[in-house]
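Trainee: I should like a close look at a single part of this structure, the open sheet together with what packs on it. Would you take me through that part in one connected account?

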Amino acid sequence: MKKLIPFTLMFTASLAFAQDAAPAQPAKPDAQARANLLAQAGGLVREPASGPAFLFLNMQTRVAPDAIAIVQQELEKVLRFAFTTETKKATSKPLDDAAAAVKDAARVAAAIVICDAPALPPVLIAPESRWAIVNVAALAADKPKGDALAIRTRKELWRTFTYLMGAANSSFEHCLMKTVTSLSDLDALKETVVSPEPFGQVMLHAQKLGMKSLRTSTYKKACEEGWAPAPTNDIQKAIWDAAKK
């Protein structure tokens, strides 16, 4: 079995990816270790994600917003980049809407427009233009029942995100990034998230777009680098004051 790099371990742990043998969860530090870390460096703090965000622009009402929110939450857990969702009224020109969504590159790194356009295919991807489209009208062409359309939309959002962010088909058995030529192919994929395999390329592409992930550091280091939040206890206050001198 290939050795997984840290972000893939985080991926499998945070999403409980369906595999025959799930990887062991890392041991949590004991109380004494936490106390030592607090005393020596003020504990751990997180620097918020910075740089432009990845945008989900929802311009349809056929699929409930919850389906999009689930994908956003899953991606945030895995990548720790900034993701945002906006809802706007549908127009007759979703391609123009997509181009407009990424016009401000300092704010939006890339975007997926979720639309309801009978004339378009299920997915359109324009990687050089930094946008893609997921079309629920095409995903609903066979009039699926129950929550089938929402599940298809979630799968296609994951797949489209991965393609748009620089990765392609996966050879991993349990992965959404398989060849899909029909709605039945999409339904046959059991997973609702991608495997760890494509994420190396996704991370590299995101960095090229200026996206910076949330990171964890000691309070002392955060003070030295100038991004620490205000102190919440006497130990942090002492570190804060020392860094200001």
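Mentor: Let us begin at helix α6, which is followed by G166, a residue with a positive phi near 100 degrees. The model is a predicted one, and the description should be read accordingly. Helix α6 spans residues 148-164, 17 residues in number, and its first and last C-alpha atoms lie 24 Å apart, close to the 24 Å expected at 1.5 Å a residue. Because 13 of its 17 residues are buried, α6 is largely enclosed by the rest of the structure. The helix lies across β2, β3, β4, β5 and β6, and its direction makes about 145 degrees with that of β4.

The sheet beneath this description is open and has 5 strands, in the order β3-β2-β4-β6-β5, with mixed pairing. At its edges stand β3 (83-87) and β5 (123-126), each with a single partner strand, so one side of each has no neighbour in the sheet. From one strand to the next, the twist averages 15 degrees.

Helix α3 (residues 65-79) also packs on the sheet, where it touches β2 (53-58), β3 and β4. Its direction makes about 165 degrees with that of β3. Q72 belongs to α3 and is in contact with F56, F83, T84 and T85, its neighbours within four places in sequence being left aside. With a relative accessible area of 14%, Q72 is under the 20% limit and therefore counts as buried. After the helix, the loop between α3 and β3 contains R80. The phi of R80 is positive, about 60 degrees, although the residue is not a glycine. Most residues other than glycine have a negative phi. R80 has a relative accessibility of 28% and counts as partly exposed.

Strand β2 deserves particular attention. 6 of its 6 residues are buried, so the strand is largely enclosed by the rest of the structure. A53, L55 and L57 point one way from β2, whereas F54, F56 and N58 point the other way, and all are buried. In a regular strand the side chains alternate between the two faces of the sheet. On one side β2 pairs with β3 in the parallel sense over 5 bridges, and the bridge partner of N58 in β3 is T87. The pairing of β2 with β4 is likewise described as parallel, over 6 bridges, and here F56 has I112 of β4 as its bridge partner.

The aromatic residues connect several of these elements. The whole structure contains 5 aromatic pairs, and ring pairs link F54, F56, F83 and F161 into a cluster. F54 and F56 both point the other way from A53, L55 and L57, and F56 and F83 are also among the contacts of Q72. A further relation of F54 is with M211, which is 157 residues away in sequence and 8.4 Å away in space, C-alpha to C-alpha. M211 lies in the loop between α8 (199-208) and β7 (215-218), and at 3% relative accessibility it counts as buried.

Continuing across the sheet, strand β4 (residues 108-115) and strand β6 (residues 131-135) pair in the parallel sense over 5 bridges. W131 in β6 is the bridge partner of A111. W131 also stands opposite A126, in the pairing of β5 with β6, which run antiparallel and are joined by 4 bridges. β5 and β6 form a hairpin with 4 residues between them. R130 is found in the loop between these two strands, and its phi is near 70 degrees, a positive value in a residue other than glycine.

Some values for the chain set this part in context. The chain has 10 helices and 7 strands, and 40% of its 245 residues count as buried. Among contacts with a separation of 6 or more, 66% are between residues 24 or more positions apart.

Technical notes
Residues are numbered from 1 along each chain as its sequence is written. This is a predicted model: local features need pLDDT of at least 70, side-chain atom pairs count only at pLDDT 80 or more; totals for chains, interfaces and linings use all residues. Side-chain values use heavy atoms; hydrogens and water are left out. The expected span of a helix is 1.5 Å times one less than its number of residues. Buried means under 20% relative accessible area, exposed over 50%, partly exposed in between (1.4 Å probe, protein chains only). Rings of Phe, Tyr and Trp (its six-membered ring) pair if their centres lie within 6.5 Å; planes under 30 degrees apart count as stacked, over 60 as edge-to-face and the rest as tilted. Two strands pair if DSSP finds at least two bridges between them. Axes are lines fitted to C-alpha atoms, for helices over the stretch in contact, and angles run from 0 to 180 degrees between N-to-C directions. Contact means heavy atoms within 4.5 Å.
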